[in-house]
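Here are some short exercises to work through at your own pace. Try each task before you read its solution.

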Amino acid sequence: MSHPFMKHAWGIKMNQKLEDLLQLALQTPEEVRERTDDLNIGFDSAARTWELIVKYHGSLDALKILGVQVEYLIAGYAVLTVPEQLVDHMVELEEIEYVEKPKRYFYGVEMPRENSCIYRVVLQEPFLSGKGVLIAVLDSGIDYRLPEFRNPDGSTRIRYLWDQSLQPEEMPTEKDFVRRPPAGFLLGVEFDSTQINRALAASGQQEQFQLLPSVDTSGHGTAVAGIAAGNSAAYQGVAQEAELLIVKLGLPDESSFPRTTEIMRAVTYTVKKAIEMQMPVVINLSFGNTYGAHDGTSLLERFLDNAAEIGRTVICVGAGNEGSNGGHLAGNLLEDSDQISSLDTGLGTGSSTGTAAGGGTRPVAIPSRIGDAVARPVSVELAVAGYERSLNIQLWKNYCDEYRIYLRSPGGQEAQLPKMINGGKYTLRLEQTEILVYFGQPAPYAVPEEIYFELLPLERNYINSGMWTIRLEPERVVTGRYYFYLPSAVVRSKGTGFYRATPEVTLTIPSTAAKVISVGAYDSTYEAYADFSGRGYADANRTIGIVAAGLAKPDLAAPGVGILAPDIYGGYSPFTGTSFATPIVAGSAALLMEWGIVRGNDPFLYAEKVKAYLRAGAKALRGENEYPNSRVGWGGLCVSSSIPR
């Protein structure tokens, strides 16, 4: 059926090498993209270029002749900066296998050593300190002047600091020093320990800044680094003698959140530096994003799985703070009665027909039997708070399942989404809101199908507030499973969320990568799960993606409420979130790697083996009866029990 307020864009050719979100962005005018939270991420309006992530084989040097900037990463990944008129040509290159656009990632009181069995291994045999291990903090930077990041003689413990937000310079700003990016990269400035020590020896803050103008304006990275490896007379982190590698992730726009591309560059840099320095390394990633199927198949997730297998590397990622924020809803048209609305409360209330926005009626779906199960329609209710400038909604489903999909606005206008067999974009209008809809297809690396909604205001500054309803009516149902996601809570109004949200599988990407250590948070005061911590799955009933094969996430939990850490004002403040549970685990991983690799007890104690030891040593937490589970994985961090005796 055709809706009177609907505009179709079916004539645009689909390219199977492009992810759904990128295809929608390329099909959407720039003035519309600028009104959204995500579609314009990666586009430089001044240079008229797209920054893109590609999976490739062979060489991409031929693109350089056309004016495309190529930054080679690891494991067959690269970041390209492509003039917008060359994107189509670039995609046709045989060596390009798949392309994604960048996404934004969001930074998600006691001493960090407490309540994780750390004192038992640092204050008594085997007296571990992280010595000989490198901890890489990829975050908002660091206040390198603080005593927590200096040796007893006042010299720095930071081996390298790469500030991606600084502008490189061709001419020296001081004797024998040209501010340049690391070898192989095109952005930012790299400082080594000699240059950091020169700044520390300067007479005042102004001279220090001139020598090393890297500043942590938010304090997030400083706190994370302090928890993982801080050491001063007043404060001790977990691995107080570990050496530090710091990457201040680029801040590409006014949102001040890092993008996928900055993270992938930083991980590549870290892994290469660790190999060059011949040191085992723990990488700390304390941020995440909600865009994706949460099944390990995005390029970033797959990239981290590859990176975890290079050198002697461990990657720790926070599970995010989306557990209780109402941004996810999942259910089953076949059997999940908790998510199924009765026919007399759904669209087309109380009769055999429903009313469409343009007048007329439509039949209400009658439950159908699929084998031994009954497939029923489902109404998903989404509350949109006032003053919401835009909002996107992701629906992920099994490609084998076919639904009729209806969308109803708070004022009662309703439209059926047309069936898009070959994928594509179209727009519709309900009340004073324009909705961009994109039907995706399975990708070469992923089996789920995505349906993406972008809500934008028309003729005023905000989309219609109130209760929006998305109704799924079964046509051909095999699994019946569906998964809805909203943007991260930090960019939504407080009252925007699903009416009956699902807390499971709310861990953020990339903690969903298979080979990272995914870290949840618990409140050590009560020895119980912290409800904000992103939940995962334990042998979950999922029918899409690589997590369906019995993978459990998170791997374990660490204290994440009121963690005391250095702040950028020279004092100490309490911090809460999985962002601050993660460096406790990262520091603990460094202790294990010191015991195993540096001291020779187990030269293969890295990657998945560290994860296995931490899982095996995890302790029981209050209120948890079965392990692993979706809240705390295998339990709470306990370092002393994780070291073989």
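**Exercise 1. Find the disulfide and place its two ends.**

Start with the count: the structure holds one disulfide (a pair of cysteine sulfur atoms within 2.5 Å). Its partners are Cys117 and Cys638, with sulfur atoms 2.1 Å apart. Next, look along the S-S bond: the angle is -105 degrees, and the link is left-handed. Then place the two ends in the chain. Cys117 sits in the loop between β7 (106-107) and α5 (119-122), and Cys638 in the loop between α12 (608-617) and α13 (639-642), so named from DSSP runs numbered from the N terminus, where helices are H or I of at least four residues and strands are E of at least two. The pair links distant parts of the chain, 521 residues apart.

Before going on, a word on the model. This is a predicted model, in which local features need pLDDT (the predictor's confidence in each residue, from 0 to 100) of at least 70 and side-chain atom pairs count only at pLDDT 80 or more, while totals for chains, interfaces and linings use all residues. Residues are numbered from 1 along each chain as its sequence is written, and side-chain values use heavy atoms, with hydrogens and water left out.

**Exercise 2. Sort four cysteines into buried, partly exposed or exposed.**

Use the relative accessible area: buried means under 20%, exposed over 50%, and partly exposed in between (1.4 Å probe, protein chains only).

- Cys117 has 11%, so it is buried.
- Cys638 has 4%, so it is buried.
- Cys316 has 0%, so it is buried.
- Cys400 has 37%, so it is partly exposed.

**Exercise 3. Which residues touch the most other members of the largest nonpolar core, and which helix gives the most to it?**

First, the term: a nonpolar core is a set of buried Ala, Val, Leu, Ile, Met, Phe, Trp, Tyr and Cys residues joined through side-chain atoms within 4.5 Å. The largest one has 65 residues, and Ile135, Val282, Ile517, Val585, Leu591 and Val610 touch the most other members. Helix α11 (residues 578-598) gives the most, with twelve residues. A second, separate core has 41 residues, among them Ile74, Trp162, Ile263 and Phe303.

Now look at single residues, taking contact as heavy atoms within 4.5 Å. Leaving out residues up to four places away in sequence, Leu591 touches Ile118, Val121, Val122, Leu128, Ser129, Gly130, Val238, Ala239 and Val639. Thr582 also lies in helix α11, and its relative accessible area of 0% makes it buried. Its contacts, with the sequence neighbours up to four places away again left out, include Cys316, the buried cysteine of Exercise 2.

**Exercise 4. Describe two aromatic pairs by distance and angle.**

Rings of Phe, Tyr and Trp (its six-membered ring) pair if their centres lie within 6.5 Å; planes under 30 degrees apart count as stacked, over 60 as edge-to-face and the rest as tilted. The whole structure has 13 such pairs.

1. Tyr77 and Phe303 have ring centres 5.3 Å apart and planes at 85 degrees, so they are edge-to-face. Tyr77 is buried at 0% relative accessibility, and Phe303 is buried at 0% too.
2. Trp162 and Tyr269 have centres 4.9 Å apart and planes at 55 degrees, so they are tilted. Trp162 is in strand β9 (residues 158-163) and Tyr269 in helix α9 (residues 260-277), so the pair ties together parts 107 residues apart in sequence. Both are buried, and with Phe185 they form one aromatic cluster.

**Exercise 5. How many residues of helix α10 are buried, and what do they pack against?**

Seven of the nine residues in α10 (299-307) are buried: Leu299, Leu300, Glu301, Phe303, Leu304, Asp305 and Ala307. They pack against β3 (49-56), β5 (77-83), β6 (96-100), α9, β12 (281-285) and β14 (313-318).

**Exercise 6. Is Lys611 buried or exposed, and what does it touch?**

Lys611 lies in helix α12 and is buried, with a relative accessible area of 4%. Beyond residues up to four places away in sequence, Lys611 touches Ala514, Lys515, Val516, Ile517, Lys553 and Asp555. Its C-alpha is 6.2 Å from that of Ile517, although the two are 94 residues apart in sequence.
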